[in-house]
Amino acid sequence: MEERLKQLQQEATAKVEQSVDLKQLNDVRVAYLGKKGPITEVLKGMGKLSAEERPKMGALANEVRDDITKAIETKQQLLETAEIEKKLTEESIDVTLPGRPVNSGTHHPLTSVIEDIEDLFLSMGYTVEEGPEVEKDYYNFEALNLPKGHPARDMQDSFYITEDLLLRTHTSPVQARTMERREGKGPVKIICPGKVYRRDNDDATHSHQFMQIEGLVVDENIRMSDLKGTLNVFAKRMFGEDREIRLRPSFFPFTEPSVEMDISCKICGGKGCSVCKGTGWIEILGAGMVHPNVLEMAGFDSKKYTGFAFGMGPERIAMLKYGIDDIRHYYANDQRFLTQFGQKEFK
Ligand code: 2NL
């Protein structure tokens with residue numbers, strides 16, 4: 001039995017030595033140390049031995065097993081190290097290869113323009129207010145001096161949901177709601193950006209859904225000159241210090257007097273071109289002094305308080321700023337269009 005064990009030990013260690021990879025080594029482990037292996041087989045014959053020999057053989061069997069186990073472990077470490085070495089040489093990284101470009105996301109051009117306008121007014125002490133897109137007829141029309149039957153609130157032009165609910169046609173209801181919440185106490189100094197909806201057939205300059213930014217200031221002693229000064233700062237910061245503004249008389253039901261603001265055309269320097277249609281001026285926004293009816297309906301005393309308001313379309317502002325020729329580009333989600341604005345490129 002002793003012979004047989006020693007023979008097994010020699011055989012096994014030789015095979016461990018010969019193993020060239022981890023799989024072969026594992027096969028040797030299973031073959032010699034497994035439950036069905038030859039050592040277990042030899043130990044089964046222990047019963048036939050004398051009481052004297054039995055512990056000696058037991059000890060020898062353990063010794064043989066430990067020896068084989070140790071040989072396997074040593075070899076395993078050797079093979080593992082070799083395998084890593086092999087991997088390192090085979091899979092060496094060429095650090096001189098160019099990196100893969102990382103495509104970062106971009107802001108939508110409308111988002112950029114809206115954020116620029118928000119920042120500009122935030123820096124002048126305004127806060128940004130938001131409100132519901134599904135709006136009550138009262139806040140969308142009534143509170144803005146557009147009573148039922150007013151020609152400017154044509155049912156044909158709005159998306160009505162019920163007789164009393166519609167998709168807001170401008171962001172003015174946000175301003176009406178904000179004034180109402182202030183309970184007749186000024187100052188109010190807000191801008192309201194958001195989506196608005198009109199029943200229109202989409203074309204290069206019309207969309208049934210678009211963005212609007214309105215501004216509102218209500219306080220004691222607010223005058224037309226405050227409006228003009230504010231719009232002048234806006235125009236210069238948004239389009240360049242070399243821009244001039246002019247106000248033309250206009251009409252809105254919620255302001256009196258009402259004006260439209262133009263900026264001087266930078267493309268032709270005022271000589272007249274296709275963008276300014278030969279006039280040297282480009283229309284940017286509408287504005288005016290808040291109609292006393294609007295102040296009163298929102299709970300402000302129109303003898304004590306006055307205010308100005310303005311409204312503009314970010315689509316149009318961005319079209320002028322970036323030279324975009326079709327409003328539908330904003331909503332088509334074509335990557336070729338979207339990635340032209342503010343894309344950061346890493347190469
Ligand atoms: C335009 C013109 C305008 C307003 C919006 C307004 C809001 C309140 C009271 C008074 Cl709560 N006015 N908003 C005033 C004048 C013009 O928008 O052409 N927008 C694209």
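Select helix H7 (residues 172-181) to begin: this helix lies across S5 and S6 and runs at about 30° to S6. Helices (H or I, at least four residues) and strands (E, at least two) are DSSP runs, numbered from the N terminus. Axes are lines fitted to C-alpha atoms, for helices over the stretch in contact (heavy atoms within 4.5 Å), and angles run from 0 to 180 degrees between N-to-C directions.

The model is predicted: local features need pLDDT of at least 70, side-chain atom pairs count only at pLDDT 80 or more, and totals for chains, interfaces and linings use all residues. Residues are numbered from 1 along each chain as its sequence is written, and side-chain values use heavy atoms, leaving out hydrogens and water.

Next, select helix H5 (residues 109-122), which lies across S2, strand S5 (188-197), strand S6 (209-219) and strand S10 (306-312), at about 165° to S5.

Now display the sheet, which is open, has seven strands with mixed pairing, and follows the order S2-S5-S6-S10-S9-S8-S7. Its edge strands, S2 (127-128) and S7 (245-252), each pair on one side only; two strands pair if DSSP finds at least two bridges between them. At the S7 edge, strand S8 (residues 255-264) is paired with S7 in the antiparallel sense over seven bridges. Select arginine 248 there, and glutamate 260 in S8 is found opposite.

Finally, select helix H2 (residues 22-33) and helix H4 (residues 53-90), whose axes come within 10 Å and cross at roughly 170°. H2 is therefore roughly antiparallel to H4 (angles over 145 degrees count as such). Residues making the contact include Leu22 and Arg29 of H2, and Ile68 and Glu83 of H4.

Notes: Angles under 35 degrees count as roughly parallel, over 145 as roughly antiparallel, 65 to 115 as roughly perpendicular and the rest as oblique.
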